[in-house]
Amino acid sequence: MSTPPNPRRTRGRAPELAEDLRISIARLSRRLRTLRAPGGEGAGPLSLTQFAALAAIERHGSMTPRELADHEKVQPPSMTRVIAFLEEQRLVRRSPHPTDGRQVVLSATEEGTTLLREERRRKEAWLSRRLEELTPEEREVLRRAAPILDKISRA
């Protein structure tokens, strides 16, 4: 069992708060990643990179392969392999670019959207159960902190 951050230490200086948040967020992120396999825990049907690419395509509606590589901060040749796998699994499809005949746009298929929906449902159900274990006051603190954490994540 790990020890929770020392609240007296995190009230003061930003470096101590940064350390506590980094550790807690990393631990929570790692725990959520373990919830990826259908019917249980473990590795899911996609790698983290493949899952992130599919989620980006679904979230943005459609993207060119270059836009996707830039968004995911990977080199285009690496993204080409990811796209090929997602296409092979029928999770994404290529369509002609509406204005540039040299390019294609990627979009999530119904199968891809269903897979993402199930992954999100599984993670949110686990997190919801953990939140129910907290006091109403603790949940309110997290409710107020969520937009702040989102703001930091977008910086």
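Modeller: In this protein, residues 24 or more positions apart account for 45% of the contacts with a separation of 6 or more, a contact being heavy atoms within 4.5 Å. The model is predicted, so local features need a pLDDT of at least 70 and side-chain atom pairs count only at pLDDT 80 or more, while totals for chains, interfaces and linings use all residues. Residues are numbered from 1 along each chain as its sequence is written, and side-chain values use heavy atoms, with hydrogens and water left out.

Biologist: What is the pLDDT of the protein on average, and where is confidence lowest and highest?

Modeller: The average is 87, and 86% of the residues score at least 70, on a scale from 0 to 100 that gives the predictor's confidence in each residue. Helix α1 (residues 7-10) is lowest at a mean of 52, and β2 is highest at 96. Over residues 39-43 the pLDDT falls below 50, though this stretch has ten contacts in the model beyond near neighbours in sequence.

Biologist: What makes up the secondary structure?

Modeller: There are seven helices and two strands, in the order α-α-α-α-α-β-β-α-α. They are DSSP runs numbered from the N terminus: H or I of at least four residues for a helix, E of at least two for a strand.

Biologist: Why is Ser107 called buried?

Modeller: Its relative accessible area is 16%. Buried means under 20%, exposed over 50% and partly exposed in between (1.4 Å probe, protein chains only), so at 16% Ser107 is buried. Ser107 sits in strand β2 (residues 104-108). Beyond its neighbours within four places in sequence, Ser107 touches Ile57, Gly61, Ser62, Leu91, Val92 and Arg93. Across the 155 residues of the protein, 25% count as buried.

Biologist: Why is the pair Glu58 and Arg120 called a salt bridge?

Modeller: A salt bridge needs a side-chain nitrogen of Lys or Arg within 4 Å of a carboxyl oxygen of Asp or Glu. Glu58 and Arg120 meet at 3.0 Å, N to O, so the pair qualifies. Glu58 lies in helix α3 (residues 48-60) and Arg120 in helix α6 (residues 110-132), so the salt bridge ties together parts 62 residues apart in sequence. Glu58, at 26% relative accessibility, is partly exposed, and Arg120, at 30%, is partly exposed. The whole structure has ten salt bridges.

Biologist: What are the accessibility classes of Asp100 and Arg102?

Modeller: Arg102 is exposed at 77%, whereas Asp100 is buried at 13%. Their closest N and O atoms are 3.0 Å apart, in a salt bridge.

Biologist: What separates Glu118 and Arg122 in helix α6?

Modeller: They are four residues apart, which means about one helical turn. Salt bridges that share partners join Glu118, Glu119, Arg121 and Arg122 into one network. The Glu118 to Arg122 salt bridge spans 3.4 Å, N to O.

Biologist: What makes the nonpolar surface patch?

Modeller: Leu17, Leu21, Ile25, Ile148, Leu149 and Ile152 form a patch of about 500 Å². Helices α2 (14-33) and α7 (136-153) are the elements that give two or more residues to it. Patch residues have over 30% relative accessible area and no salt bridge; nonpolar side chains (Val, Leu, Ile, Met, Phe, Trp, Tyr) are joined within 5 Å, like charges within 9 Å. Ile25, in helix α2, has 44% and is partly exposed, so Ile25 clears the 30% bar.

Methods:
Accessible areas come from the Shrake-Rupley method with a 1.4 Å probe; for residues, only the protein chains shown count as cover.
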